[in-house]
Structures are given as structure tokens and as C-alpha cells.
Amino acid sequence: MKIVIIGPAYPYRGGLAVYNERLAKTLEDEGHQVKIHTFSLQYPQFLFPGKTQFVDEVPTYDLNIVRTVNSVNPLNWLKVGRQIAKEKPDIIIPRFWLPFMGPCLGTILRVVKRNKHTKVISILDNVIPHESRIGDKMFTQYFVKSVDAFLSMTKVVQEDLSTFDQQKPRLISPHPIFDNFGEHIEKQEALRYLKLDPEFKYMLFFGLIREYKGLDILLEAFAEKRLRDKKIKLIIAGEYYTDKEKYLKLIEKYQLTEEVIHVEEFIQDSEVKYYFCAADVVVQPYKTATQSGVTQIAYHFNKPMIVTDVGGLKEMCPDGKVGFVVPVDKSALAESIERFYEQTDQNILLEGIKEEKKKYSWEILVNNILELYRQTKK
């Protein structure tokens, strides 16, 4: 079939772009004709909290990616909609992760559907955002009405969808494993690359740093006396999308400067493997969550996880099988870290990870998209 994906892709950076490109590659491998319409302007710079929206490296796959969509120009939405309508794709897959994108995507999709041929199957990252703003509900409703079927990656997102729609076809299809960051390397090699002392153990907090991701809870847990003499260090690898002073003050307050390795930048794709392979465990102390691409990178590199009991994280990380699920509480988090290092047979967790990750394939995702397409044709 002819399939169009609308959303972030090269040269834009981040998990959404990685996901869209990997999905396009799987669709192409299965014989479909795929084009990604990404942004000519994704966010106005004054709305973007990071240093840059773009990657420095070459794209991973040779894909048909065109930069056409301006997220804030209504004339552009009409133009792109007419362009895609003429191409008559069988399926459009818009990614929806932020209400801000509702007017742009909703308008494009309405124009495309005038061709009476194209079906719209949206992949929903979030329906109700982590950080709410005025207009969220209206923008989301506008988008939802333009879609024929929905694919959520966790139960919590599908439940949030029911606030806006209860009739259209929908399926849950877990976030597939991010397997495009290279193969697993030995821990010693990763430590040498990162110039880390092999005498220590390492936890990893990875990804863009936002308030809802709970880095403050992790720092307070890490400061507890029970962990101070364990020769454990914490790697914080990611760019701040929130005020970093709060976290720097906690590091200073608890005298953690020597125990924290602070890599305050967006980690390029080619370097991701070094951080995950250097770590013993990946910690996600989120205050709220839907699903997480970090979890799927951890699965790829066979890394145990400690996650909080929020959103879809406990669905993705069965407690006791691939790591631990704990309440959003610093003492519970500290206890789980101590338990991981002092009382846990990590080989048992490794076997659990290898078994659990089998359900997270890109082929399953594609099959579910095609099943939703069949349902829209009935």
C-alpha cells in the first residue's frame, strides 16, 4: 500500500523521530511505499526549551522524508493537505503527542480526507499532556475528530482517549524496542569510552530532563545514607528542558558532586550504546508517564530497570521480572536501588528481560496498524 507518516523525522532529533523512521523502515521492508512528511518548522524557537531541534549525524536509514509541514501556518496546512490528497495514500499515520499540534494536524487530515480514499490511523503518544496549558482540550478534540482509528501504546493512553471518543476503532500496541542504536558492547569498553572508573557501579538516568520525570526524587533517594557507602555513581545523561538550578542545588545540598556524572547535553544516536552498556540499571523515577522510549532502549541493551508505578511504566516493566516497580517515593526508590545491588540475582532479571522483550517487535506494530485499517474499511 501507499502510506504516509506525518510527524518528526530527520533532521529533527528525539524519540518521536527515531520511532517514525524505524516504523517507516519496517513498512518498507514489508513491501509498502512509504513517505514521511516532517516539519519545515516544528516549534517556533521561543517555544522550544532545548538548545537545538536538529541532529548532527546522518540519518540511520535511507527513507523518503520531505520537510513540508509548518506547525503554525494555516495556509501551509491547506497546501500540505491538498498535496497529500492528490497522492491518494491508502493510510496516513499522524503522530499525536502534544495538543499544540492539534490544529495543524487536524486541518491537514480534514483536507486529505476530501479525496474519499485515505484512512487516518493515528499513533497516540499522549492524549492528556504531562504539562497542561490553556486550549489543550479544544486542540485535542479538533484533532481526534479528523481520525478514523487510534493506536495507543499503553492502557492509560487508551483510557484518556475515551474522554474525547468512545466509538472509533482502537487498539493497544506496545512501544516497540528501539534497536537502531547499535549492538550491545561489553561494559568495560563502554566505561573506557566514557572515561569512567571501573571500580564503581553505575545507575543511569537517561533522556531529556523535564519536571515530570522525577530527577529530584532520584537525587533525594541517592542521597540516603544506605546508598552512600556502596560505591555507586549516578549518570545523568540528557539536556535540561526545565530549570536545572533546582537539581544542581540538590546535588550541592546532599554533597553528591563526586557521585554524580552530569552529561548535560542531548546524547547523539551513535553514543547511546555507551551509556546503556556502562550502566548496571536504568532508573525512571517519573511522577507521571504514559509510555517511555527509554524503557525500550533498555530492553534492547538487556538492562534491568527501576521504574515508578505511574502510567504505562508498570505495564512495560513487570515487577520482579525485568526490574522493580516502586511508588513515587524517595525512600521506596532508595530501598529498591539497595535491593538491586545487594539482594538481586541480576542473571535472573536478564533472562526475564530476554523473554519479555519478545512482545515488543516492529512487525507486531505494523500488523496492528493494518488491522485497524481493515476495521475502517468495514
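The dialogue below asks why certain labels apply to this predicted model.

Student: What kind of model is this, and how are its residues numbered?

Tutor: The model is predicted, so local features need pLDDT of at least 70 and side-chain atom pairs count only at pLDDT 80 or more, while totals for chains, interfaces and linings use all residues. Residues are numbered from 1 along each chain as its sequence is written, and side-chain values use heavy atoms, with hydrogens and water left out.

Student: Why is H175 called buried?

Tutor: Buried means under 20% relative accessible area, exposed over 50%, and partly exposed in between (1.4 Å probe, protein chains only). H175 has a relative accessible area of 6%, so H175 is buried.

Student: Where does H175 lie, and which residues does H175 touch?

Tutor: H175 lies in the loop between β7 (170-172) and α6 (187-194). Helices (H or I, at least four residues) and strands (E, at least two) are DSSP runs, numbered from the N terminus. Leaving out residues up to four places away in sequence, H175 touches Y19, M153, Q291, G293, Q296, M316 and Y360. Contact means heavy atoms within 4.5 Å. The C-alpha atoms of H175 and Y43 are separated by 25 Å, and these residues are 132 apart along the chain.

Student: What makes I297 count as buried or exposed?

Tutor: I297 has 5% relative accessibility, and therefore counts as buried. I297 sits in helix α11. Not counting residues up to four places away in sequence, I297 touches F178, F181, F206, V272 and F276. I297 and D179 are 118 residues apart in sequence, yet 7.1 Å apart in space, C-alpha to C-alpha.

Student: How do you know that β11 and β12 pair?

Tutor: Two strands pair if DSSP finds at least two bridges between them. Strand β11 (residues 281-284) and β12 have 3 bridges and run in the parallel sense. V282 stands opposite M305 in β12.

Student: What makes the crossover from β11 to β12 right-handed?

Tutor: A crossover is right-handed if, with the strands pointing away from the viewer, the path from the first strand over the helix to the second runs clockwise. The chain goes from β11 through helix α11 (residues 293-300) to β12, and this β-α-β crossover is right-handed.

Student: What makes both faces of β12 count as covered?

Tutor: In a regular strand the side chains alternate between the two faces of the sheet. In β12 (residues 305-308), M305 and V307 are on one side and I306 and T308 on the other, and all are buried. β12 also pairs with strand β13 (residues 323-326) in the parallel sense over 4 bridges, with V307 opposite V325 in β13.

Student: Why is β5 said to be mostly covered, and which strands pair with β5?

Tutor: Of the 6 residues in strand β5 (residues 119-124), 5 are buried. Strand β4 (residues 91-96) is joined to β5 by 4 bridges, and the two run parallel. R95 stands opposite I123 in β5. The chain crosses from β4 through helix α3 (residues 102-112) to β5 in a right-handed β-α-β crossover. β5 and strand β6 (residues 149-152) also pair in the parallel sense, over 4 bridges. The bridge partner of I123 in β6 is L151.

Student: How do you know that a space is a cavity or a pocket?

Tutor: On a 1 Å grid over the protein atoms alone, a cavity is a set of points where a 1.4 Å probe fits but cannot get out, and a pocket is an open set with protein on both sides within 12 Å along at least five of seven lines; lining residues have an atom within 4 Å of a point. Grid points are joined across faces, edges and corners, and a volume is the space filled by probe spheres set on the points. A search of the whole structure finds 1 cavity of 30 Å³ or more. The largest cavity holds about 130 Å³ of space. Of the 15 residues that line the largest cavity, V18, E21, V55, T60 and D269 are the closest to its centre.
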